[in-house]
Amino acid sequence: MIAPRAIALALLLMLSSNVGAQVAGSPALEGFTSLGTRIDVRVFSPSHNNGKRRSAIVLFHGGGWNEGEAGWMDGIAEQFSGLGMVAVSVDYRLSRDGVTPFDAVADARNAIRWVRQEADRLGIDPDKVVALGTSAGAHLASSTAIFDEPWGSAASSVPNALVLRSPAVSVATSSWFRKLTGGAAQAAALSPDLHVRSGLPPMLLLQGEEDNVTPAAGAQRFCERMRERGNICRLNLYPEVGHLFTRNLASQEIPDYSAIDRAVSKDASDASIAFLKEHGFIVDDAGAR
């Protein structure tokens with residue numbers, strides 16, 4: 001599974017199309033330390049302050065684990081900030097020069113911890129932290145919930161709910177992921193579908209049926225295992241579209257971003273909002289921009 005810069009550009013266009021006429025604000029540029037490395041984050045806070053603690057949504061961009069930057073998620077960060085959430089987009093380490101997806105998972109987990117540790121300052125309810133990821137970013141988001149804590153911490157790295165778009169949740173047999181992680185055993189050790197357990201937070205998966213980058217069968221298997229273990233998992237399958245909801249099925253790893261189905265993309269965005277409203281992370285009186 002390789003997702004070059006073209007995928008990220010497609011994703012940026014897709015997300016931005018769902019924001020409507022909103023004008024992008026200026027995020028606060030902050031950071032934290034993960035395993036000795038500074039990880040930058042972009043924090044979008046709602047302009048309206050009603051004195052109540054906000055839900056937070058932590059965003060992980062796509063790009064095949066080896067491409068991307070936090071700014072690619074500005075469109076969706078603005079969207080959720082406009083709905084009253086504090087949106088935090090994470091510049092996790094990319095798989096280059098000895099860095100592997102194991103490092104990115106550690107960064108993602110530490111990002112969730114950082115949001116909770118900074119909850120008072122950022123005006124966040126530490127019990128209402130959502131993780132959202134797309135493609136490889138969805139792998140990182142799901143990994144924050146599924147894999148056991150590698151060390152003790154006063155702040156949990158497990159989010160309270162997850163939204164996963166075109167998710168890479170079944171990666172054990174991916175030749176690309178095996179290359180990045182160092183082999184078959186390492187890829188299996190970091191494949192979310194093989195490590196589902198009970199007690200996981202509710203998840204929404206948004207998936208194209210014709211996806212050949214992160215195939216629908218993996219998302220289906222993941223959700224089935226979630227439900228078998230008593231977890232909440234909702235899977236929205238969109239027919240006749242592929243990765244990132246493209247209709248150009250012949251070009252998905254290097255997609256024709258003009259072929260992304262806007263109606264499907266909007267439906268997925270609306271489903272995400274409805275899911276978070278249902279579980280109490282977005283409230284109608286939160287105060288929009």
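Student: Which residue follows α9, and what is the sign of its phi?
Tutor: This is a predicted model, in which local features need pLDDT of at least 70, side-chain atom pairs count only at pLDDT 80 or more, and totals for chains, interfaces and linings use all residues. Residues are numbered from 1 along each chain as its sequence is written, and side-chain values use heavy atoms, with hydrogens and water left out. Helices are DSSP runs (H or I, at least four residues), numbered from the N terminus. After α9 comes a residue with positive phi, near 85°: glycine 280.

Student: What distance does helix α9 reach from its first C-alpha to its last?
Tutor: Helix α9 covers residues 262-278, which is 17 residues. The expected span is 1.5 Å times one less than the number of residues. For α9 the expected value is 24 Å, and the model is close to it, at 24 Å.

Student: Which side chain reaches the backbone nitrogen of alanine 263 at the start of α9?
Tutor: The atom concerned is a side-chain oxygen, within 3.0 Å of that nitrogen. The residue that supplies this oxygen is aspartate 261.

Student: Is arginine 113 buried or exposed?
Tutor: Arginine 113 has its place in helix α3. Buried means under 20% relative accessible area, exposed over 50%, partly exposed in between (1.4 Å probe, protein chains only). The relative accessible area of arginine 113 is 3%, so this residue is buried.

Student: Which backbone oxygen does the side chain of arginine 113 reach?
Tutor: The side chain of arginine 113 reaches its partner at 3.5 Å. That partner is the backbone oxygen of alanine 155.

Methods. Helix = DSSP H or I, 4+ residues; strand = E, 2+ residues; numbered from the N terminus. Polar contact = N/O pair within 3.5 Å; in protein donor to acceptor, adjacent residues only side chain to side chain.
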